[in-house]
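Visitor: Hello! Could you walk me through this protein, one question at a time?

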Amino acid sequence: MSSYRRGRTVDFVLPFLILVCLGVILVLIFQLYFTWKEENEITLRNQVFLYYEDGRASLLPWGADQWSKAYSGSLVLEGDRVKTDAGTSLVLSFFNGAVVRFDENTIATYHIFSDVDGVQTFSLDLEAGRLWINEDALDDSVVHFSITMGDLVATSTGTVFEVTRSSTEKVVRVLSGS
């Protein structure tokens, strides 16, 4: 005796629904990944890190009133002040390859980053000491640096220059470029 059992409609639709759900989940995972990757690239684009080998450097975060030890690889945000002690040289490394080197006994504040129409502008306030700035970017972007030393503002585009501020003088030297 042969019995033919007729399948229900759900038995035929269920595998199709599972495949559709798996496809939707896969698309959502890809969208989530690419959104995270894009946001991560934008975040990395606005970051500045400090590095040093010997000596001691301090960081005063914006809004704080106590200096803390700056570790090599520390993230520097807008409004943060950086100070080097005697015998310490420090490097601020920007995301585009531009570099600012701090000499010993230097205090500076990282103020503003802006990116308008591919022109990247960085602003630092030098309170004391000496900075060496190399504006050569790794990408093809145009880089502007603006260094404020009290009533003197040194602005340049695509050059290597040095600024020094002491209690008696303010000096700007262009090492490469015009």
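Visitor: What percentage of the residues in the protein are buried?
Guide: Welcome! Keep in mind that this is a predicted model. A residue counts as buried when its relative accessible area is under 20%. Among the 178 residues of the protein, the buried share is 30%.

Visitor: How many helices and strands does the protein have?
Guide: Read along the sequence, the pattern starts with α and goes on with β. The helix, H1, covers residues 9–45. Counting the secondary structure of the protein gives 1 helix and 13 strands.

Visitor: Is Phe12 buried or exposed?
Guide: Let's start with its place: Phe12 sits in helix H1. Its relative accessibility is 63%, and the cut-off for this class is over 50%. Therefore Phe12 counts as exposed.

Visitor: Which residues form a nonpolar patch on the surface with Phe12?
Guide: The patch has about 690 Å² of accessible area when its residues are taken together. For scale, the accessible surface of the protein comes to about 11600 Å². Alongside Phe12, the patch is formed by Val13, Phe16, Leu17, Val20, Val24 and Leu28.

Visitor: Which strand gives the largest share of the largest nonpolar core?
Guide: This core has 29 residues, and Leu92, Leu131, Phe145 and Ile147 touch the most other members. Several strands give two or more residues to the core, among them S1 (48–52), S8 (107–116), S9 (119–134) and S10 (142–149). The largest share is 5 residues, and the strand that gives them is S9.

Visitor: Which residue of strand S11 does Ile147 touch, besides Leu152 and Ala154?
Guide: Ile147 is one of the core residues that touch the most other members. Leaving aside neighbours within four places in sequence, its contacts include Leu124, Leu126, Leu131 and Phe161. Strand S11 covers residues 152–157, and the contact there besides Leu152 and Ala154 is Val153.

Visitor: Is Val153 exposed or partly exposed?
Guide: Val153 touches Ser146, Ile147 and Thr148, not counting residues up to four places away in sequence. Its relative accessibility is 48%, and exposed would need over 50%. So Val153 counts as partly exposed.

Visitor: How far apart in space are Val153 and Leu124?
Guide: In sequence, these two are 29 residues apart. Ile147 is in contact with both Leu124 and Val153. From C-alpha to C-alpha, the distance between Val153 and Leu124 is 9.8 Å.

Technical notes:
Residues are numbered from 1 along each chain as its sequence is written. This is a predicted model: local features need pLDDT of at least 70, side-chain atom pairs count only at pLDDT 80 or more; totals for chains, interfaces and linings use all residues. Side-chain values use heavy atoms; hydrogens and water are left out. Helices (H or I, at least four residues) and strands (E, at least two) are DSSP runs, numbered from the N terminus. Buried means under 20% relative accessible area, exposed over 50%, partly exposed in between (1.4 Å probe, protein chains only). Contact means heavy atoms within 4.5 Å. Patches are made of residues with over 30% relative accessible area and no salt bridge: like charges are joined within 9 Å, nonpolar side chains (Val, Leu, Ile, Met, Phe, Trp, Tyr) within 5 Å. Accessible areas come from the Shrake-Rupley method with a 1.4 Å probe; for residues, only the protein chains shown count as cover. A salt bridge is a side-chain nitrogen of Lys or Arg within 4 Å of a carboxyl oxygen of Asp or Glu. A nonpolar core is a set of buried Ala, Val, Leu, Ile, Met, Phe, Trp, Tyr and Cys residues joined through side-chain atoms within 4.5 Å.
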